[in-house]
Structure formats: structure tokens, C-alpha cells
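Visitor: Hi! I'm new to reading protein structures. Could you walk me through this one?

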Amino acid sequence: MFAVVKTGGKQYCVKPGDVLKVEKIEAEPSSKISLTDVVLTSSDKGEVAAEEAEVAGAVVNAEVLKHVRNKKVVIFKKKRRHNYRRKNGHRQWMTVLKITGISLAK
């Protein structure tokens, strides 16, 4: 059983027991959350549901493990022959989730 869930502008294929890092979600560590924006689901029998009506009631349950910072992204700007160089960096906040279960639409 798996589901494709959309959060933070990205899509993730998840199974029960998976641990993944997503864009920051405002929730306390060790709290339970539900991800309702499900794009695709698959049952234990191998049946795949991708239409909006079929996945409308599907919910992915997860537990927030912790909030961490992602790797640094270096931003470097340069204009050649003008002695112009700017170096900057950014570290995005991420939330580590553990998928506890997938509830399919009834």
C-alpha cells in the first residue's frame, strides 16, 4: 500500500513506516497530523486510484518527529569584468515526518 501526497509544493510517494523530510509544517514535535491532499492511492490488492472522486476521502496520517535545517544552498552572483561578486546562502527549515498509516476513501 502506498500513496502520493502533495505538501510544500512537492509530491512524495509514501508507505506506512516511511520517514521523510518536507517543507516546514507548523506542528509541535511528537504531534500527530493528517495530510489530506492525496493525489494517488494504491491498495493492498494492487488497485491504483488516481481520479479525484476516488481519492477524495483518502488521508495520510503522520507523526512529526522534529524540525531541522536543510543543507545550505549557495547563491553566487557575478558580473564579469566589473569586480562585482556577491555570495549568499540559505538554509530552509524542514519537518521530519514518520508516516503512521494511510486511510483510503470509502
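**A first look around**

Guide: Happy to! Among the contacts in the chain with a separation of 6 or more, 65% are between residues 24 or more positions apart. Keep in mind as we go that this is a predicted model.

Visitor: Okay! How many helices and strands does the chain have?

Guide: The count is zero helices and 10 strands. Along the sequence, the pattern reads β-β-β-β-β-β-β-β-β-β.

Visitor: Is the chain spread out or compact?

Guide: The chain is more spread out than a compact globule, because its radius of gyration is 19 Å, well over the 13 Å that the globule rule gives for 106 residues. Along the principal axes, the C-alpha atoms fill a box of roughly 65 × 30 × 20 Å.

Visitor: What share of the residues is buried?

Guide: Buried residues are 29% of the 106 in the chain. The accessible surface of the chain is about 7,500 Å², and carbon and sulfur atoms account for 48% of that surface.

Visitor: New topic: how many salt bridges are there?

Guide: There are three salt bridges. One of them joins Lys10 and Glu23, with 3.0 Å between the closest N and O atoms. This pair ties together distant parts of the chain: Lys10 belongs to strand β2 (residues 10-14) and Glu23 to strand β3 (residues 19-23), 13 residues apart.

Visitor: Are Lys10 and Glu23 buried or exposed?

Guide: In between, actually! Lys10 is partly exposed, with a relative accessible area of 39%. Glu23 also counts as partly exposed, because its relative accessibility is 23% and buried would mean under 20%.

Visitor: Which residue forms a salt bridge with Glu26?

Guide: That would be Lys24, and the closest N and O atoms of the two are 3.9 Å apart. Glu26 counts as exposed at 71% relative accessibility, whereas Lys24 is partly exposed at 38%.

Visitor: What else is Lys24 up to? Which ring does its charged end sit over?

Guide: The ring of Trp93: the charged end of Lys24 is 5.6 Å from the centre of that ring. There is also Lys79, which lies over the face of Tyr84 at 5.1 Å from the ring centre.

Visitor: Since we're on rings, how many aromatic pairs turn up in the whole structure?

Guide: Zero, even when the whole structure is searched.

Visitor: Back to salt bridges. Which residue does Glu63 pair with?

Guide: Glu63 pairs with Lys32, and their closest N and O atoms are 3.6 Å apart. Here too the pair links distant parts of the chain, with Glu63 in strand β7 and Lys32 in strand β4 (residues 32-35), 31 residues apart. Lys32 counts as exposed because its relative accessibility is 61%, and exposed means over 50%.

Visitor: Where along the chain does strand β7 run?

Guide: Strand β7, the one holding Glu63, covers residues 59-69.

Visitor: And which residues is Glu63 in contact with, leaving aside its neighbours within four places in sequence?

Guide: They are Ser30, Ser31, Lys32, Val96, Leu97, Lys98 and Thr100. You've met Lys32 already, as the salt-bridge partner of Glu63.

Visitor: One last thing: what separates the C-alpha atoms of Glu63 and Val19?

Guide: The distance between those C-alpha atoms is 9.5 Å, and Glu63 and Val19 are 44 residues apart along the chain.

Definitions and conventions. Residues are numbered from 1 along each chain as its sequence is written. This is a predicted model: local features need pLDDT of at least 70, side-chain atom pairs count only at pLDDT 80 or more; totals for chains, interfaces and linings use all residues. Side-chain values use heavy atoms; hydrogens and water are left out. Helices (H or I, at least four residues) and strands (E, at least two) are DSSP runs, numbered from the N terminus. Contact means heavy atoms within 4.5 Å. Rings of Phe, Tyr and Trp (its six-membered ring) pair if their centres lie within 6.5 Å; planes under 30 degrees apart count as stacked, over 60 as edge-to-face and the rest as tilted. A charge sits over a ring if NZ of Lys or CZ of Arg is within 6 Å of the ring centre and within 35 degrees of the ring normal. A salt bridge is a side-chain nitrogen of Lys or Arg within 4 Å of a carboxyl oxygen of Asp or Glu. Buried means under 20% relative accessible area, exposed over 50%, partly exposed in between (1.4 Å probe, protein chains only). The radius of gyration is taken over C-alpha atoms; the globule rule is 2.2 Å times the number of residues to the power 0.38. Accessible areas come from the Shrake-Rupley method with a 1.4 Å probe; for residues, only the protein chains shown count as cover.
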